[in-house]
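Subject: Handing over a structure, with notes on what was found

Hello,

Please find below the structure that I promised to pass on to you, and after it some notes that you can follow with the model open in front of you.

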Amino acid sequence: MTLTLPGGQTVRVRLHERQEVPGPYRWRYLVGVPAWTARPEGVEAAEYTVWVTDRQLTPIEGVDLSAVPTRRRPPPPAPGWVVGAAPERRGRTVVHDAACRYVVGKGGKELSTLEALDALMRAGARACRDCDAATVLIPALELGEGYG
């Protein structure tokens with residue numbers, strides 16, 4: 001790879017790793033920049049490693065990069081909360097974390113945190129105890145008591 005330094009100078013670098021990241025530049029690259037170290041016995045070759053974006057790099061034609069270790073971002077967690085029918089009794093509902101194994105792929109209505117708290121305040125509603133719903137939402141409801 002060729003790294004373009006501030007000021008326009010270019011230098012060939014060694015690509016150690018690439019990583020998918022959130023933000024305006026999807027990928028960042030760990031590169032080794034050649035450097036020199038002064039020793040009492042003389043000058044010695046060294047390498048300085050630094051993360052850079054793809055805007056600073058240019059591939060070298062004909063160089064295969066398929067063996068470079070690549071780390072992709074894990075899929076984002078399911079957002080928010082989901083309310084669904086309670087299996088134990090008709091007309092009752094259960095609020096789950098959106099990633100709960102009891103609702104993933106089974107439908108239900110997606111809710112924001114405030115909507116989930118409102119849903120729990122309705123008659124016949126409960127929070128799932130197998131996911132974060134009860135741990136997170138019940139204390140939040142208790143904090144709000146007396147403010148309604």
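In what follows, two residues are said to be in contact when heavy atoms of theirs lie within 4.5 Å. Please also keep in mind from the start that this is a predicted model.

With that meaning of contact, and leaving aside its neighbours within four places in sequence, E17 is in contact with R28, Y29, L30, W51, V68, P69 and R71. E17 belongs to strand 3, which covers residues 14-20, and its side chain makes a polar contact with the side chain of R71 at 2.5 Å. Is E17 buried or exposed? Its relative accessible area is 16%, and because buried means under 20%, E17 counts as buried.

The strand that holds E17 deserves a closer look. In strand 3, 5 of the 7 residues are buried, so this strand is largely enclosed by the rest of the structure. It pairs with strand 4 (residues 27-39) in the antiparallel sense over 6 bridges, and with strand 7 (residues 70-71) in the parallel sense over 2 bridges. R18 can serve as a guide to both pairings, since its bridge partner in strand 4 is Y29, while in strand 7 R18 stands opposite T70. The hairpin of strand 3 and strand 4 has 6 residues between the strands, and there G23 takes a positive phi near 120°.

Next come the salt bridges, of which the count comes to 5. One of them joins the side chains of R14 and E47, at 3.2 Å from N to O. R14 lies in strand 3 and E47 in strand 5 (residues 42-53), so this pair ties together parts that are 33 residues apart in sequence. R14 is exposed, with a relative accessible area of 52%, whereas E47 is partly exposed at 38%.

Another salt bridge is formed by R72 with E20, whose closest N and O atoms are 3.8 Å apart. Here R72 lies in the loop between strand 7 and strand 8 (81-85) and E20 in strand 3, so the pair ties together parts that are 52 residues apart in sequence. R72 counts as exposed at 56% relative accessibility, but E20 counts as buried at 11%. E20 and R72 are also linked with R26 in a network of salt bridges. A further salt bridge is found between R39 and E44, with the closest N and O atoms 3.6 Å apart; R39 is partly exposed at 40%, and E44 is likewise partly exposed at 37%.

A charged residue without such a partner is D97, in strand 9 (residues 93-97). D97 is buried yet has no salt bridge, and the nearest side chain of opposite charge, that of R101, is 11 Å away. A polar atom of the D97 side chain does, however, lie 2.7 Å from the backbone nitrogen of A99.

Finally, there is an open sheet of 3 strands in the order 2-1-6, with antiparallel pairing. Strand 2 (10-12) and strand 6 (57-58) stand at its edges with a single partner strand each, so one side of each is left without a neighbour in the sheet. Strand 1 (residues 2-4) is joined to strand 6 by 2 bridges, and the bridge partner of L3 in strand 6 is L57. T2, also in strand 1, counts as buried at 19% relative accessibility, and the residues that T2 touches include T10, V11 and L57.

With best wishes

Key:
Residues are numbered from 1 along each chain as its sequence is written. This is a predicted model: local features need pLDDT of at least 70, side-chain atom pairs count only at pLDDT 80 or more; totals for chains, interfaces and linings use all residues. Side-chain values use heavy atoms; hydrogens and water are left out. Helices (H or I, at least four residues) and strands (E, at least two) are DSSP runs, numbered from the N terminus. Buried means under 20% relative accessible area, exposed over 50%, partly exposed in between (1.4 Å probe, protein chains only). Lys and Arg count as positive and Asp and Glu as negative; His and the chain ends are not counted. A salt bridge is a side-chain nitrogen of Lys or Arg within 4 Å of a carboxyl oxygen of Asp or Glu. A polar contact is a pair of N or O atoms within 3.5 Å; within protein, one must be able to donate a hydrogen and the other to accept it, and residues adjacent in sequence count only if both atoms are side-chain atoms. Two strands pair if DSSP finds at least two bridges between them.
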